[in-house]
Amino acid sequence: MQSRFIYACVAALTSFVLAQQPAPPTKPSEDRPSSNTSAESSLKDMFQSKIKTEWDALKNKDKKAYGAPLADDYEGVEVDGRGERNKIQAINEVVEGNVYDYTLWGFKLIPLGPDAAFVIYEVTLQFPPKSVVRYSRVYVTELWVKHAGEWKELHYQETHVK
């Protein structure tokens, strides 16, 4: 009698477990590209262009071009350890810079909504041939927001990497 009871419990548990099997995963349509992916790709291209323009402005010591994408309430923190800079301070430092050349890579965009985006990348800076330090690698994060329909850089943060 006891063995029949155990057999009945095992049979009941087996049928219960089999009934609970998840449905096989369905494949998303691979034939049609997502419009969200396309929009994100064009947004990424736009930010890459804006960031390249900024670095070109630093290299060429062009204060006007450097300041154009900065929000009025911009705050930036660079690796030099001198603390936060506002928009006016950052623009005024452009002429003191010694960026001889640069390479951007590892670009990543994280959309935070329709009017905000977080951008991450690395830049390898090259300084003039007679500089004590010739190269520096920096990890950069930027927060961009849309003001009056135009994307502006609100926050910039550098971290020195080896």
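This is a short tour of one sheet in a predicted model.

Before you start: residues are numbered from 1 along each chain as its sequence is written, and side-chain values use heavy atoms, with hydrogens and water left out. In this predicted model, local features need pLDDT of at least 70, side-chain atom pairs count only at pLDDT 80 or more, and totals for chains, interfaces and linings use all residues.

**Stop 1: the whole sheet.** Show the strands (DSSP runs of E, at least two residues, numbered from the N terminus). Six of them make an open sheet. Read across in the order E2-E1-E6-E5-E4-E3. The pairing is mixed; two strands count as paired if DSSP finds at least two bridges between them.

**Stop 2: the edges.** Select 84–86, strand E2, and 101–113, strand E3. These are the edge strands, and each pairs on one side only. Now look at the twist: the average is 15° from one strand to the next. Strand axes here are lines fitted to C-alpha atoms, and angles run from 0 to 180 degrees between N-to-C directions.

**Stop 3: E1 and E2.** These two strands run antiparallel, joined by three bridges. They form a hairpin, with six residues between them. Click Gly81 in the turn: its phi is positive, about 75°.

**Stop 4: Gly76.** Which residue of E2 stands opposite Gly76? Arg85 does. Then look to E6, where Tyr156 is the bridge partner of Gly76. Select 70–77 (E1) and 150–161 (E6): four bridges pair them in the parallel sense.

**Stop 5: E4 and E5.** Select 116–126 for E4 and 135–147 for E5. They run antiparallel, with eleven bridges joining them. Finish at Ala116, whose bridge partner in E5 is Val145.
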